[in-house]
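Student: I should like to go through this structure term by term. Please set each value against its definition.

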Amino acid sequence: MVSRRATIPELPFLAPCSVRVAPSILAADFGRLADEIAKIAPFTDWLHLDVMDGHFVPNISLGVPVVASIRRHCSLWLDCHLMISEPGRYLEAFAEAGADGCSVHLEVGATPEHCEKMRSLGLKVGLAVNPETPIERAFCFLESVDYLVVMSVHPGFGGQAFIEEALGKIERARQEIDRLGLEVTVQVDGGIDEETARGCAIAGARCFVAGTSVFGAPDPGRAAGQIAAVAARAAAGGGR
Ligand code: DX5
Ligand code: ZN
């Protein structure tokens, strides 16, 4: 049995009409992580943690001990994006460290096994799809996931330009989720700022990962709040 946080109330998962910004600490100052997180904590309830193994992506970032440390010091919903080749070997460790949800990549294979394992560990289940992978390849797994991550940059680095093709993928995913009558949240990750968030919200995304546009801003909390406000307005005007 994995020990879960006792003192922090379980957040309700995304209601279909709400939007959420998940600041990515990849763009934060790792030497002052607690201070950086404190800047955005009053303005959102999610934190996006990019885990890289130098194999699935050509970069190395943070791992289980950092997730555990963050868990001890903050009550945000911890969304761990596992850009690693063998997530199945580490899911239990991330759950033990206090992750609330993990997303694994479709491209690494064994998706049914990974989804089942995350579910059994009490994690919310995310499935991420790279820019070059047709989003339709994820459709057969929609009933097993809580959130579908449409990558709008090539994973591995922050600060890249938003790939416009992601908009069509979000739209097609949203249509398929609605057609199946599911409550899956579409998350978009990479190159998100107020402008791109607006387009993604209209296309059907409801969770917005933002690194550079938040932690690179003079006031990260305000930047996260602004993205959420713009996305909420676009979501309200553009349907679900
Ligand atoms: C990229 C990561 C993203 C990244 C986004 O590999 O998955 O979460 O931090 O950063 P920005 O917002 O700078 O594109
Ligand atoms: Zn990410």
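Tutor: We begin with the polar contact, a pair of N or O atoms within 3.5 Å; within protein, one must be able to donate a hydrogen and the other to accept it, and residues adjacent in sequence count only if both atoms are side-chain atoms. The model is predicted: local features need pLDDT of at least 70 and side-chain atom pairs 80 or more, while totals for chains, interfaces and linings use all residues. Residues are numbered from 1 along each chain, ligands are numbered from 1 in the order written, and side-chain values use heavy atoms, without hydrogens and water.

Student: What makes the pair formed by G156 and ligand 1 a polar contact?

Tutor: A backbone N or O atom of G156 lies 2.7 Å from an oxygen atom of ligand 1; the limit is 3.5 Å, so the pair qualifies. Ligand 1 also has an oxygen atom 2.8 Å from a polar backbone atom of G159, and one 2.7 Å from a polar backbone atom of G211. The protein covers 99% of the 380 Å² of accessible area that ligand 1 has on its own (Shrake-Rupley method, 1.4 Å probe).

Student: Which residues surround ligand 1, and how are they classed?

Tutor: There are 20, with G156, G159, D189, G211 and T212 the closest; a residue counts if one of its heavy atoms lies within 4 Å. By class, 8 are nonpolar, 10 polar and 2 charged; Gly counts as polar, and Asp, Glu, Lys and Arg as charged.

Student: Which strand supplies the largest share of this shell?

Tutor: β2 does, with 3 residues; strands are DSSP runs (E) of at least two residues, numbered from the N terminus. β2 (46–52), β3 (77–83) and β8 (207–210) each supply at least two.

Methods
Helix = DSSP H or I, 4+ residues; strand = E, 2+ residues; numbered from the N terminus.
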